[in-house]
Every structure is written in structure tokens, then in C-alpha cells.
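Here is a friendly briefing to read alongside the model. Have the sequence and the 3D view open, and follow the topics in turn.

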Amino acid sequence: MARSFNQVTLMGNLTRDPEIRTTPGGQSVCSFSLALNRQWKDKEGKPQEAVDFIDITAWGPLGERVAQYCQKGKPVLVSGRLQSHSWEQDGNKRTKVDVLAQDVTFLGSPTGAGGASFADDTQASEDKPASKKKDENIVIDEISDEPIDLSEIPF
């Protein structure tokens, strides 16, 4: 049997403030949804636009950070996997597909400088200085003027 691959990466804006809950077992779970804009031209060449709404679930510390730092309208980049749920309601079988987040990158910040990325199994890294360019989502590291000693490179 062939192996399967289930990986999705989405970039959009939060449609509402994240909702965080705690399971009876003490695990944190955060629910939020993203609005994903699509644009295309119809047969006559007129621009068209549509929006897709995708539900996202983030568990544990990742969900706690999303609930703490994100709010309605903020842009984020989400990496994760698709998962489906089935249930019966009023005699009808219902299904739903949503995304289980494994990593969330915050693309905006209150100060408008840079972004931060958090994975479900890592802690936040130190803030890096943001580029002074017009695009506020580009982050660069400081580069010194000292020459690089090639003998110090481990490979």
C-alpha cells in the first residue's frame, strides 16, 4: 500500500477572536477560522473575487499562544494537516473537514514590525530586527562586517 501525505499551508486573516477551551483531561484547545481570498477573471475578463472560510484547531501550548497573541483580522500563516469528522444530526450523516495546526506564524504585530512563528513543540524564538522596507513581514538578521573564517564551518 502506498504512503499518504497530508500537509496543508494556508495564509489568511482570522475571521474572529480565537476561542480557547480546556478538555476534562486538562489539555488546552484553541479554535479559530481563517478567511482566504481568491481572485480570478471570468470569461469576459472581469475580475472576480471569492472568500473561503477554513476552521483551524490548535492544541496545547500552540493553542494557548494563538489565543494570547491573535485576534480578529490579524494575518497568520498556518501549517498543519487536514482532518475530517463525521456525526449524525437529525437522522442525516454530516461531515466536516478542518485543519489541525502544527505551526502558526504571526505575520503582523502590534508595532507593525516583523512576525513570529510558533510550532506546537517549540518555544518562541528571540525577536529579530525587522527590515526597514515597506513590506513589514520581512525579517532579516544583523550581519557584521567581519570576514568569515571558512575553517570554522563544520561541513
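**An aromatic pair and its surroundings**

This structure contains 1 aromatic pair. Its members are Tyr-69 and Phe-106, with ring centres 6.2 Å apart and planes at 45°, so the pair counts as tilted. Please keep in mind that the model is a predicted one.

**The two partners**
- Tyr-69 belongs to helix 1 and Phe-106 to strand 6, so the pair ties together parts that lie 37 residues apart in sequence.
- Is Phe-106 buried or exposed? Phe-106 is buried, because its relative accessible area is 6% and the cut-off for buried is under 20%.
- Tyr-69 has a relative accessible area of 47%, so this residue is partly exposed.

**The nonpolar core**
- The largest nonpolar core has 18 residues, and those touching the most other members are Phe-32, Leu-34, Ile-56, Val-66, Val-76, Val-78 and Val-104.
- Which elements give two or more residues to this core? They are strand 1, strand 3, strand 4, helix 1 (60–69), strand 5 and strand 6.
- Val-66 is worth a look in the viewer: leaving aside neighbours within four places in sequence, Val-66 is in contact with Pro-18, Cys-30, Phe-32, Val-104 and Phe-106.
- Phe-106 thus appears both as a contact of Val-66 and as the ring partner of Tyr-69.

**Strand pairing**
- Strand 5 (residues 75–89) runs antiparallel to strand 1 (residues 8–14), and 6 bridges join the two.
- Within that pairing, Met-11 stands opposite Leu-77 of strand 5.
- Strand 5 is also joined to strand 6 (residues 92–106), here by 14 bridges, and these two strands run antiparallel as well.
- Facing each other across strands 5 and 6 are Trp-87 and Arg-94, the latter in strand 6.
- How many residues lie between strand 5 and strand 6 in their hairpin? There are 2 residues between them, and Asp-90 in the turn has a positive phi of about 55°.

**The loop at Lys-46**
- Lys-46 sits in the loop that links strand 3 (28–41) and strand 4 (47–59).
- With a relative accessibility of 52%, Lys-46 counts as exposed, because the cut-off for exposed is over 50%.
- Apart from neighbours within four places in sequence, Lys-46 is in contact with Trp-40 and Lys-41.
- Strand 3 and strand 4, on either side of this loop, are among the elements that give two or more residues to the largest nonpolar core.

Methods: Residues are numbered from 1 along each chain as its sequence is written. This is a predicted model: local features need pLDDT of at least 70, side-chain atom pairs count only at pLDDT 80 or more; totals for chains, interfaces and linings use all residues. Side-chain values use heavy atoms; hydrogens and water are left out. Two strands pair if DSSP finds at least two bridges between them. Helices (H or I, at least four residues) and strands (E, at least two) are DSSP runs, numbered from the N terminus. Buried means under 20% relative accessible area, exposed over 50%, partly exposed in between (1.4 Å probe, protein chains only). Contact means heavy atoms within 4.5 Å. A nonpolar core is a set of buried Ala, Val, Leu, Ile, Met, Phe, Trp, Tyr and Cys residues joined through side-chain atoms within 4.5 Å. Rings of Phe, Tyr and Trp (its six-membered ring) pair if their centres lie within 6.5 Å; planes under 30 degrees apart count as stacked, over 60 as edge-to-face and the rest as tilted.
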